[in-house]
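Here is a short report on one protein model. Keep the sequence and the structure in view while reading.

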Amino acid sequence: MASSPLCLGGSCHSLVLGLLLFLQLGQHEGQNKQIPAHQPSLKSTDCYEDPGQVESRFVVLYCPLIQGGLEMREWDADCLNATNLPSGCQRDEFEANVCGFLPNCSTSTSAKLNPAKGLISPEELNCSVTLNWQYVINCCHETSRDHSTTTSKSSWTNACLVMTKLSPGQEYNMTVYRVLNGSCSQEASINVTTRPSLVQNLTIENRTVDSLLIGWKPPRDPQNHTYTYCVCLIDCAIINESLFLKEGLKGGTMYTIEVRAIIKSNVYGNAKTMNVITAPNSPKNITVECYSPHQLSMAWKPPKDPNATDYLYRISWWREDRTQVGNCSILDSNYTLRSLKPGVLYLVKVISDFSGILSTAAEQWTLTPPLPPTNFRIQMINQTMAQFAWVNPNSPFSAIRLQWNTSEARGNETYPKSLGQAVLYGLTPSTNYTFTIFSTAGNSSLSRDSISLHQQAATKPEQVSDLKCVPLQHSWSLNLSWTCPSSAVSKIVVLVSDRAWRNESNCSEPVVIQGLQPAKVYQIKIKTFWYNQYVVSDPVECSIDTTVALLGSLLAVLFFLVIFCFLFFGFRRLRRTDVLEQQNTDMSLPR
């Protein structure tokens, strides 16, 4: 018989068609007694001594069941030809050489053949089925010697037929006949169903960290509209549609999916299998660990997924206008963005990558700090005000901030970026200040400051008030008095006619100026210090009393005359003594 395709394991191969012929001990139909095939028996008019080789044929009629099936007996008489087969039905015939007799060992040509016995379908594929049955190959009647009893004996063998060219997912009626000498045995019938074909285009329609939406196309089978589907992912479910959503999964985890088509008689097709991975979770807590005007060091926490240690991280950074600046794939959970511009807003995106399956992006807006202002200087400072100047940075920035602080207070001011100078009011006299200036970029929700510049300075002290000078009687001295300022003072210096006369550490101690000249006007000032800052009071003119000055002058002249007379008369007396001694010496010399 010609070969035809056979579907094994979902693929069509050549027909495996043949008879598995083996001799086995037949069973006695009435007594179940077995004898070996071809074993000589006692002579009987109903048995051949040598059965010989007899040609035997089998006919298989198969027809798809339609709306409840067909009554196969309606066309039993057509087993010898295919002229009256219903639409969609087919006839197949094959031959085999077997040892055979007419059934029941009868020599009558009108006797009917024994039908196939034990017809089963051990294997059903999507385009073929396998049929197995038994048929008699040796039969005889043995009569006892006294002809009182007759024993029927028979031998059976197995036959196997693979029916191909069937439609997948279809229910068929299979009827087997044995044909011998132009006669057909009674039918042996069985209903079989071919398996559905594999589902087509099994894909993942959508995936999240905890769900998978699986889709496929039905097999291209005639009855695919009647199919249901068995989907197995962790557990199995029977559904009617070609779309299946599985929830409650773990992120970044590989799962195996099996999908089988099922025909209504609960015949399952082969499994279409696919390994799929749920989307990994996104990285957590993107932060800026360190920054400079041209660099941002980013870090994040890996997700708590089972396979997170195998993740790659795709990091990309974008300018505010959504223009991508750069990207990189790394294994670590930190990365430094380089060659950035100062004072510019950037969007940083980090995506988990597990075997090419990407998470949603974790995003973080961040900002590079601007460049600082330069040439920061204090142009002037007094008791309550300071004036500053600087050069604005050569990079984008939103404002200049000036901060001040003392040991007891602090404050700050913000100035528009168009200015390059500022005046700070409300300072406290005699106070040490630290002034800090820096530029800032961004807005109220996200800002970054530049490095800062510092200047230290002290405000000036307040000057003394109510400065007074009183000449002391009978002396050439002045007694000075004043009211100390309310602010702190580190020292005071008394200026007499613009010359420093005396330094005092205690502002409240009285000061007496001595050694002045009579009848002279002196200009007195008090110079108040707070460290290196000072202020000079308004001058006060002071003079010594004239009477006292004249009396002093007379006393001085009189004192001079007394000294002169003493010296004069003392000198004369000394001179006279010298002359007398000379004369005495001359008189004593010999003549």
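In what order do the three strands of the open sheet stand? The order is 37-38-41, and the pairing is antiparallel. Note that this is a predicted model.

## The three-stranded sheet

Strand 37 (465–471) and strand 41 (511–513) stand at the edges. Each has a single partner strand, so one side of each is left without a neighbour in the sheet. From one strand to the next, the twist averages 25°.

Five bridges pair strand 37 with strand 38 (residues 478–483), in the antiparallel sense. One position to look up is Lys468, whose bridge partner in strand 38 is Ser481. Strands of a sheet pair through backbone hydrogen bonds, in either the parallel or the antiparallel sense.

## Strand 23 and its partners

Strand 23 covers residues 312–319. Eight bridges join strand 23 to strand 26, and the two run antiparallel. Strand 23 is also joined to strand 24 (residues 324–330), by six bridges and again antiparallel.

Arg314 can be followed to both partners. In strand 26 its bridge partner is Ile351. In strand 24, Arg314 stands opposite Ser329. Strand 23 and strand 24 form a hairpin with four residues between the strands. In that hairpin, Arg322 takes a positive phi near 65°.

## Leu347 in strand 26

Is Leu347 buried or exposed? Leu347 counts as buried because its relative accessibility is 0%, and the cut-off for buried is under 20%. Its place is in strand 26 (residues 345–354).

Leaving aside neighbours within four places in sequence, Leu347 is in contact with Ser316, Trp317, Trp318, Arg322, Glu363, Gln364 and Trp365. Arg322, the residue with the positive phi in the hairpin, is thus among the contacts of Leu347. Thr323 is 24 residues from Leu347 in sequence. In space, the two are 9.7 Å apart, C-alpha to C-alpha.

## Ser121 in strand 7

Ser121 lies in strand 7 (residues 117–124). Ser121 is buried, with a relative accessible area of 18%; the cut-off is under 20%.

Which side chain shares a polar contact with the side chain of Ser121? That side chain belongs to Glu124, and the contact is 3.5 Å. A polar atom of the Ser121 side chain also lies 3.2 Å from the backbone oxygen of Thr130. Not counting residues up to four places away in sequence, Ser121 touches Val129, Thr130, Leu131, Ile190 and Val192. Thr130 therefore appears in that contact list as well as in the 3.2 Å approach to Ser121, a buried residue.

## Aromatic rings

How many aromatic pairs does the model contain? The count comes to 13 aromatic pairs. One of them is Trp300 with Tyr313, an edge-to-face pair. The rings are 5.8 Å apart, centre to centre, with 65° between the planes. This pair links distant parts of the chain: Trp300 is in strand 22 (residues 295–301), Tyr313 in strand 23, and they are 13 residues apart. Both Trp300 and Tyr313 are buried.

Elsewhere, Phe376, Phe388, Trp404, Tyr433 and Phe435 form one aromatic cluster.

## Charges over rings

Arg448 lies over the face of Tyr291, at 4.3 Å from the ring centre. Another charge belongs to Lys527. Its charged end sits over the ring of Tyr534, 4.0 Å from the centre.

Methods. Residues numbered from 1 in each chain as written. Predicted model: local features only at pLDDT ≥ 70, side-chain atom pairs only at ≥ 80, totals over all residues. Heavy atoms only, no water. Buried < 20%, exposed > 50% of the residue type's maximum accessible area, 1.4 Å probe, protein only. Polar contact = N/O pair within 3.5 Å; in protein donor to acceptor, adjacent residues only side chain to side chain. Contact = heavy atoms within 4.5 Å. Pairing = 2+ DSSP bridges. Axes fitted to C-alpha atoms, helices over the stretch in contact; angles between N-to-C directions. Phe/Tyr/Trp six-rings, centres within 6.5 Å; stacked < 30°, edge-to-face > 60°. Lys NZ or Arg CZ within 6 Å of the ring centre and 35° of its normal.
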